[in-house]
Amino acid sequence: MFNRTGRVAVFFVVVLVCLKSLAQVEGRSIAKPRVIVIGVNGMEWDILRPLLLEGKLPNLAGLIKRGVYGKLRTVSAPNCPRVYSTISTSTRPDEHGVTGFIVGGITANSNMLKEEPIWSILSRNNVSVGMANVPATFPVMPVNGYMVSGMLTRGKNCEDGVLCAPKLSEVEGGDAVYPASLKSELLKNVGNFYIDCERMPSAEELNGHESEVIETWLNKVQQIRDQQQRLFDYLLSAHPTDFTWMVQSCEDRTGHWLYPIAPYNAGYNPKIASIKPDAFPSQYVAFDKVLGTILKHTNDQTYVFIISDHGIKPLREFEDTNPHAHMDHEKTTPVIAKHDFADGDDVPGSFIAAGPNIKSNFRLMGFDASVYDIAPTILHIYGIKPLSQMRGRVLEEIFLNSSGQVAKN
Ligand SMILES: [Zn+2]
């Protein structure tokens, strides 16, 4: 559990949530800014750029045109739980404690978080919070709103929770939905959806059945994305919140073994990588449709952030010739790309922001923005001072008017 003010913070959240339910207050509080953060794991500019030029990402292109965009500097050896916990606390992995998928031999979980995350800070400042599929949020924690867990949720056929997808009804070892009453509501209105994304197939499963396995796997990935789209659509309709954070993971998962780099890349195997060369770019075309659904719930007064925890790059012959020596994901899958390079600057994430007080068509150069800056910047929009332990800064240059608070809290 979080240190310093963290324990007190959780107490406040619980009190707040109880008071709210006593008063039967539903929906958003009045006159708070509305912020939607969409996380796309491993979103990679090298893949986005040609698709943007071809006009295949109309929703993303529209957001870039009316907003700010650039690279998002990440941490060293980046992977999803490590970076998402950095994003939510604005502290280093060794400080917040979620240093990777496995910590001290145990699958990373929300109880390991030693610094207070943004959803707790916002909740105790009376900002309503909605979260779905954010990595490393299992078991879910009480917030002033709702939380549906994401990557690292454990359950049937996904006992260790690492890069696999349990069904909502088959989650084990903790709660995947807060408040508990929301679970049956989601089962009824959205269905028994998969949490996170499909596990990558092993070399043995692929051997001799490459086309069939890839086809089946990609169909499952699209099924999961359709379910997530329904989930996001339902939550944004039935439970609008001031702050909403939703994440997709299938883009990264697909990139690891179906990155369209040919003819040569360490790990490239034509039996696998030439079957569906458009599989990885197609993930972003599919994401753009999800984005379109989310944007239907916004207006010109809504802040929209699209962020990724890191990019993804092809393996290099001088650095990693063994496709099985892949640290951050399934070791038996023949991977062709990765992101846990020792130097995180090799695999920057993406940053896009648009909203009522955000500059238009403004590019952030170099590494001006980092994963540490996301929480302070969002707190700034709500007029909340960053906590003293936070290592990031408010990205003042993205705002039209950066002087003073954006909102009076
Ligand atoms: Zn990955």
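Met-131 stands opposite Trp-245, a residue of strand 8, and this pair is a good place to start exploring. Keep in mind as you look around that the model is predicted. The strand that Met-131 helps to introduce is strand 5, residues 129–133, which runs parallel to strand 8 and is joined to it by four bridges.

Strand 8 has another partner to find. Strand 1, which spans residues 34–40, also runs parallel to strand 8, and here six bridges make the connection. If you would like one pair to look for, try Val-40, whose bridge partner in strand 8 is Gln-248.

Now turn to strand 8 itself. How many of the six residues of strand 8 are buried? Six of the six, residues 243–248, are buried, so strand 8 is largely enclosed by the rest of the structure. You can follow this along both faces of the strand: Phe-243, Trp-245 and Val-247 are buried on one side, while Thr-244, Met-246 and Gln-248 are buried on the other.

Two of these residues lead us on to the nonpolar interior. Phe-243 and Trp-245 are among the members of the largest nonpolar core that touch the most other members, along with Trp-119, Leu-122, Phe-305, Phe-351 and Ile-398. This core has 59 residues in total. Its largest share, five residues, comes from helix 13, which covers residues 374–381. Another core lies apart from it, with 47 residues, including Phe-193, Ile-294, Val-304 and Ile-336.

For a stop in a helix, look for Gln-229, which is found in helix 9, residues 210–238. Why does Gln-229 count as buried? Its relative accessibility is 19%, and buried means under 20%, so Gln-229 falls on the buried side of the cut-off. Leaving aside residues up to four places away in sequence, Gln-229 touches Lys-289, Val-290 and Thr-293.

Finally, step back and take in the whole protein. There are 13 helices and 13 strands to trace. Of the 409 residues, 61% count as buried. Among contacts with a separation of 6 or more, 75% are between residues 24 or more positions apart. On the outside, the protein exposes about 15700 Å², and carbon and sulfur atoms supply 52% of that area.

Technical notes:
Residues numbered from 1 in each chain as written. Predicted model: local features only at pLDDT ≥ 70, side-chain atom pairs only at ≥ 80, totals over all residues. Heavy atoms only, no water. Helix = DSSP H or I, 4+ residues; strand = E, 2+ residues; numbered from the N terminus. Buried < 20%, exposed > 50% of the residue type's maximum accessible area, 1.4 Å probe, protein only. Contact = heavy atoms within 4.5 Å. Core = buried A, V, L, I, M, F, W, Y, C linked by side-chain atoms within 4.5 Å. Areas by Shrake-Rupley, 256 points an atom, 1.4 Å probe, with all protein chains shown as cover. Pairing = 2+ DSSP bridges.
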